[in-house]
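Colleague: Before we go into the terms, could you put the model on the screen?

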Amino acid sequence: MKKYFSSIDNNLERWLSLVFYMMIAVTIITEVIRRFVFSYSSIWGEEVARYSFIYMAWLGASLGVKNRAHIRIDIILNFLPNRGQSIVYLFSDFLTIILAVIALYFSMGSVLTSIEFGSVTHGLRIGQYWFLMAVPIGFTLIIIRLLQSMTRDFRDLCTGNKPFSGNSLID
């Protein structure tokens, strides 16, 4: 069971991003064929591609936090000892988690308003809140990844090991 959860922890964002990417590709290819071959297009195609892209972007943000792959200026970090690097990473993650919690709180407002008034999408005719939930889900995943990062950095700080400086998103 531990191996199963480890696999989910390591690959959740990658697999979900792949699913949303495939949805975008299939939808756009289908819509191009329908438009130029059959002179017909659907109203839902654009929405599926747009909302899939939004979810994929938030999953990518979470994956970037997990791998420390976001853009940063780390010239000063290279001159610090291991403990100093861990402290800087912990401070940075702490500030980011505060921002993420605030953003999560305020992003729930639009979701709750959408649920309250029953707003639906124009083409798909399903609840708008399903797509507005991309932001709170994204920030929740970011918070989880930040907590994991802070735990790892605190462990490195206590042991004096070199902190995790990041992986590339593309292997």
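Colleague: How much area does the protein chain expose, and what share of it do carbon and sulfur atoms supply?

Modeller: The exposed area of the protein chain is about 11200 Å², of which carbon and sulfur atoms supply 72%, by the Shrake-Rupley method with a 1.4 Å probe. This is a predicted model, in which local features need pLDDT of at least 70 and side-chain atom pairs count only at pLDDT 80 or more, while totals for chains, interfaces and linings use all residues. Residues are numbered from 1 along each chain as its sequence is written, and side-chain values use heavy atoms, with hydrogens and water left out.

Colleague: What makes the pair of Phe20 and Tyr55 stacked?

Modeller: Rings of Phe, Tyr and Trp (its six-membered ring) pair if their centres lie within 6.5 Å, and planes under 30 degrees apart count as stacked, over 60 as edge-to-face and the rest as tilted. For Phe20 and Tyr55 the values are 5.3 Å centre to centre and 15 degrees between the planes, hence a stacked pair.

Colleague: Why are Phe20 and Tyr55 called buried?

Modeller: Buried means under 20% relative accessible area, exposed over 50%, and partly exposed in between (1.4 Å probe, protein chains only). Phe20 has 17% and is therefore buried, and Tyr55, at 14%, counts as buried too.

Colleague: Why is the pair of Tyr105 and Phe106 edge-to-face?

Modeller: The ring centres of Tyr105 and Phe106 are 5.1 Å apart with the planes at 80 degrees, so this pair is edge-to-face. Both Tyr105 and Phe106 are exposed.
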